[in-house]
Structures are given as C-alpha cells and as structure tokens.
Amino acid sequence: MIWLTSTVLLVSLLGTLANPAISYSSSQASASSAVNVFTSPSAASSFLQCLTSSIGSSPAFPIQQQDDLDSIAKAILSDVSSVSSARTTATAQALSAALASSMAELLVTESAETEIEEQVSALSGILSQCFIQITGAPNPVFVSNVKSLLGVLSQSSSSAQAIAETQNAAGISTATQSLGISAASSLLSQNLVSSLASSTSFASAFSSAATAVQAGNIAYNLGLNIATSLGIANAQSLATTLQQAVSSLGAGASSYSYANAVSNTIGQFLASQGILTQSNAATLASSIAQSASQSSTFAQSQAAA
C-alpha cells in the first residue's frame, strides 16, 4: 500500500525544505551542510534499509504498518534509482518530501489515538539514528517536518471526522423529519377519505363529469375553495395539483377513487408547505371535509360554466 499526501502539503513541505533560513540554523549548516541522502542512490538505499529494518524491529509499529512503511521505502527507492545520477537539489528535496509526507499520512491513517504519540517518538528516534549512521549527523529539520505534517494531517482528519458526524446527524434528523411528514400526510388522508367518499355532494359533483377535463376542472375549483377556507396563500398551487391528480383518473371513476386522490394530494401538499403536522392532521381533515362538502356543488357549477 503506497501512501500519498495532497499536493498542497507536498508543496508546503518542499517550500520549507528549500528555504535555508527555515531548514537549517547556521551551526547545523556548517556541521553537515544538510547532506541529503537522496542525492546519492547508494546513500538513499542505505538510509531506507536502515529505516525499514529499525521500524521492523520496533515494538511500537504493528505488522501492517511495518509492511506499509516498507512499501513506501521501496517506492521511494525505485524513484531514486530511476532518476539520473545528475540529481538536482529540487529532486532530492522532492524525494525527501515524499518520504516525510507518506510516513506522516500513514501514521495518522492507521494509528489509534492511544498509539500515535508512542509511534511518533519511536519514528523520530529511528530517523535520527539512521541519519547519523548514513551521513554522520542527525537531521532534526527533517524529523521536525514529519512531526509538523503529522499535526496538520491529524487536524485535517479530526475536522473531516467532525464534518462527517455532523452530516450523519443531519441525515438522521432529515430522515426523522421525513418520516414525520409522511406520517402526518397519511393520517390526514385516512381521516379525510371516508368523509369525502360518503359525501353526497362530493360524489354527485364528480359523477357529473363526462370527461377527464371536466373532472379535473371540478377538482381545480374544489381546491381553490378549500385553500380559501383554510387561509392558504398559494391557493392556485393546491388547485392545480388537485386538477392534475384527478385528471389522471379520468371520468367515471368511483367516488372513493376521487376521494382517495383528493385526500392524498391535499395531505402531501399541506405537509410540503409545513402546514400539516401529526398533531393537527385530524383537525385539518375535519375542516377540509366540511369545506369540500359545502364547495362541491359550487365547484361542479363552475366547471360546467
């Protein structure tokens, strides 16, 4: 498994490595002049072998992390071997950045919170020992950069987790709200459909429709009257919605079919407008039934006009 960090983090690290004022104090520069192990294939190979061997023998890293770190080292070494021996400073810095960022990302991704401090401490010691073994001097800046990246990645990981938890909670809330709306709509429909189906004026109005258009027009006028009686501002929207639902049934349907279509449509509409809740569903159903019964004859006459 090869661990690659984001371009932004790589660029940030490269900028730090490339800046002598940030990377080295004057005493460090004179001591080692920052010997970069990646300027030489042999030095890079020796350093990476030291790194993987030391990590493999450290109790701080489980087998899976040892295998992944070994894969990282092999990938970096492959890049070192494929680049010309006339290696530029920028290339060596890029390889250093790749190693640092990959190790940091691996620890953040695979380590438990209780383990990471111990692993960071162990990795810091291993890196320092390997730098001393290969170059004769420690490289505290490289080690510091790995720690800095670990901090940045840990914060990013925590933020992403917090966002995911928030989104999940919002999803649960939305799902619960949707269930509430559906239940309210169903409750209103159950209370309303029997009242409408048993209403003589409602049945008479729709039985008079000879075509789907006439049935739809009756439903449209019925919707306007119901919306007015309930004080719904967008009466036209409810009327149009009812017209479409009833028109799809056509002429000659049973009184119950028309009542069911009207009840379901009104329930869904009122719920979507935030008017209908489970607590007021029964009361609204009673008001709508009364309004529909009184309005059906008028709706019939308007449709026929």
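These notebook entries record what I looked up in a predicted model of one protein.

**Entry 1. Overall make-up**

I began with the secondary structure and found 13 helices and 0 strands. Read from the N terminus, the order of elements is α-α-α-α-α-α-α-α-α-α-α-α-α. I then looked up burial for the chain: 39% of the 305 residues count as buried. For the accessible surface I noted about 14,900 Å², with 54% of it belonging to carbon and sulfur atoms. I also checked how contacts are distributed along the sequence. Among contacts with a separation of 6 or more, 73% are between residues 24 or more positions apart.

**Entry 2. The disulfide**

I searched next for cysteine pairs, and the count came to 1 disulfide. The bond joins C50 to C130, with an S to S distance of 2.2 Å. I noted where the two partners sit: C50 belongs to helix α4 (residues 41-56) and C130 to helix α7 (residues 113-135), so I recorded a link between distant parts of the chain, 80 residues apart. Which hand does the disulfide have? The torsion about the S-S bond of C50 and C130 is about -85°, and the disulfide is therefore left-handed.

I looked up the accessibility of each partner. C50 is buried at a relative accessible area of 9%, and C130 is buried at 0%. For both residues I applied the cut-off for burial, which is under 20% relative accessible area.

**Entry 3. Helix α4**

Since C50 lies in α4, I examined this helix further. With 16 residues at 1.5 Å a residue, α4 should span 22 Å, and I found its end C-alpha atoms 22 Å apart, which agrees. I listed the buried residues of α4 as A44, S45, F47, L48, C50, L51, S54 and I55. The cysteine of the disulfide and the phenylalanine taken up in the next entry, C50 and F47, are both on that list.

**Entry 4. Aromatic pairs**

I counted 5 aromatic pairs in the structure. For F47 and F131, the ring centres are 4.6 Å apart and the planes stand at 35°, so I entered the pair as tilted. F47 lies in helix α4 and F131 in helix α7, so this pair ties together parts that are 84 residues apart in sequence. Both residues, F47 and F131, are buried.

I then turned to F206 and Y258. How are their rings arranged, stacked or tilted? Their centres are 4.7 Å apart and their planes are at 15°, so the pair is stacked. F206 is in helix α9 (residues 200-207) and Y258 in helix α12 (residues 255-272); I noted that the pair links distant parts of the chain, 52 residues apart. F206 is buried, with a relative accessible area of 2%, and Y258 is buried as well, with 1%.

I also followed the ring pairs from residue to residue. They link F38, F47, F131 and F142 into a cluster.

**Entry 5. The salt bridge**

My search for charged side-chain pairs returned 1 salt bridge. K74 and D70 form it through their side chains, at 3.2 Å from N to O. How far apart are the two along helix α5? They are 4 residues apart, which means a separation of about one helical turn. I compared their exposure: K74 counts as exposed at 56% relative accessibility, whereas D70 counts as partly exposed at 26%.

**Entry 6. S58 and L187**

I looked up two further residues. S58 is found in the loop between α4 and α5 (63-82). Is this loop residue buried or exposed? S58 is buried, at a relative accessible area of 13%. Setting aside residues up to four places away in sequence, I found that S58 touches Q66, A122 and I126.

L187 has its place in helix α8 (residues 140-197). I recorded it as partly exposed, at 30% relative accessibility. Beyond its neighbours within four places in sequence, L187 is in contact with Q278 and A281. For one of these partners I also took the backbone distance: L187 and A281 are 6.2 Å apart, C-alpha to C-alpha, with their positions 94 residues apart in sequence.

How values were computed:
Residues are numbered from 1 along each chain as its sequence is written. This is a predicted model: local features need pLDDT of at least 70, side-chain atom pairs count only at pLDDT 80 or more; totals for chains, interfaces and linings use all residues. Side-chain values use heavy atoms; hydrogens and water are left out. Buried means under 20% relative accessible area, exposed over 50%, partly exposed in between (1.4 Å probe, protein chains only). Contact means heavy atoms within 4.5 Å. Accessible areas come from the Shrake-Rupley method with a 1.4 Å probe; for residues, only the protein chains shown count as cover. A disulfide is a pair of cysteine sulfur atoms within 2.5 Å. A salt bridge is a side-chain nitrogen of Lys or Arg within 4 Å of a carboxyl oxygen of Asp or Glu. Rings of Phe, Tyr and Trp (its six-membered ring) pair if their centres lie within 6.5 Å; planes under 30 degrees apart count as stacked, over 60 as edge-to-face and the rest as tilted. The expected span of a helix is 1.5 Å times one less than its number of residues.
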